[in-house]
Amino acid sequence: MTQKQFIYTLKLIPRLVDENNWTEKEKSIVSDHFQALQELKMADKLIMAGRTLNMDETTFGIVILLADTKEEARTMMESDPAVKEGVMTAELFPYKIALLNENFLKLNQNA
């Protein structure tokens with residue numbers, strides 16, 4: 001079966017847009033979120049992940065996955081510690097990369 005691409009968007013819950021509201025618990029959950037993304041990358045399920053650098057109500061993150069089915073992608077998204085623990089909300093979409101700058105990948109291999 002050919003794997004399909006999916007993207008999920010992440011948004012912080014409104015209370016956490018203000019960094020002064022973060023507790024050690026939220027910081028730990030986001031650290032677990034990053035670790036989970038690294039594990040998906042090592043399992044060749046993660047294509048890329050990132051976030052906007054602004055910290056206001058428009059901030060968001062994206063995760064692009066490879067999965068056999070939408071259900072598998074949904075399970076990965078719902079297993080994300082930030083989603084599971086309610087620090088971020090997420091929405092899943094079927095996705096397809098149309099263009100990929102391979103030079104960017106080469107230049108940032110050691111970043």
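Let's start at Glu24, which is exposed, with a relative accessible area of 60%. Keep in mind as you rotate the view that this is a predicted model. The side chain of Glu24 meets that of Lys27 in a salt bridge, with 3.7 Å from N to O. Both residues belong to helix H1, and because they are 3 residues apart there, about one helical turn separates them. Lys27 has a relative accessibility of 44%, so this residue counts as partly exposed.

How many salt bridges does a search of the whole structure find? The count is 3, so two stops remain on this part of the tour. Stay with helix H1 for the next one, where Glu26 pairs with Arg15 through their side chains at 2.7 Å, N to O. This pair links distant parts of the chain, since Arg15 sits in the loop between E1 and H1 while Glu26 is in helix H1, and their positions lie 11 residues apart in the numbering. The partners differ in how much of their area is accessible: Glu26 is buried at a relative accessible area of 8%, whereas Arg15, at 41%, counts as partly exposed.The remaining bridge joins Lys45 and Glu72, whose side chains meet at 2.8 Å, again given from N to O. Here too the pair links distant parts of the chain: Lys45 is in the loop between H1 and E2, Glu72 is in helix H2 (residues 70-79), and the two are 27 residues apart. Is Lys45 buried or exposed? With a relative accessibility of 17%, Lys45 counts as buried. Glu72, at 23%, counts as partly exposed.

The loop between H1 and E2 deserves another look, as Asp44 lies there as well. Phi of Asp44 is near 60°, a positive value in a residue other than glycine. For context, most residues other than glycine have a negative phi. Asp44 counts as exposed, because its relative accessibility is 57% and the cut-off for that class is over 50%.

Now let's turn to the empty space. Rolling a probe the size of a water molecule over the atoms shows where such space is left. The largest pocket has a volume of about 1,000 Å³. Which residues come closest to its centre? Of the 34 residues that line this pocket, they are Met48, Ala49, Gly50, Arg51 and Ile62. To trace the lining on your screen, pick out strand E1 (4-12), helix H1 (24-42), strand E2 (46-51), strand E3 (61-67), strand E4 (88-95) and helix H4 (102-107), each of which supplies at least two of the lining residues. By residue class, the lining of the largest pocket divides into 23 nonpolar, 7 polar and 4 charged.

From the pocket, move to the surface. Leu100, Phe104 and Leu105 together make a nonpolar surface patch of about 310 Å². Leu100 lies in the loop between E4 and H4 and is exposed, with a relative accessible area of 54%.

A last stop is the loop between E2 and E3, where you will find Met55. Met55 is partly exposed, with a relative accessible area of 28%. If you would like a distance to check in your viewer, take the C-alpha atoms of Met55 and Leu40: these residues are 15 apart in sequence and 26 Å apart in space.

How values were computed. Residues numbered from 1 in each chain as written. Predicted model: local features only at pLDDT ≥ 70, side-chain atom pairs only at ≥ 80, totals over all residues. Heavy atoms only, no water. 1 Å grid on protein atoms, 1.4 Å probe; cavity = no way out; pocket = protein on both sides within 12 Å on 5 of 7 lines; lining within 4 Å. Points joined across faces, edges and corners; volume = space filled by probe spheres on them. Helix = DSSP H or I, 4+ residues; strand = E, 2+ residues; numbered from the N terminus. Nonpolar A, V, L, I, M, F, W, Y, C, P; charged D, E, K, R; others polar. Salt bridge = Lys/Arg side-chain N within 4 Å of Asp/Glu carboxyl O. Buried < 20%, exposed > 50% of the residue type's maximum accessible area, 1.4 Å probe, protein only. Patch = residues over 30% accessible without salt bridge, like charges linked within 9 Å, V, L, I, M, F, W, Y side chains within 5 Å. Areas by Shrake-Rupley, 256 points an atom, 1.4 Å probe, with all protein chains shown as cover.
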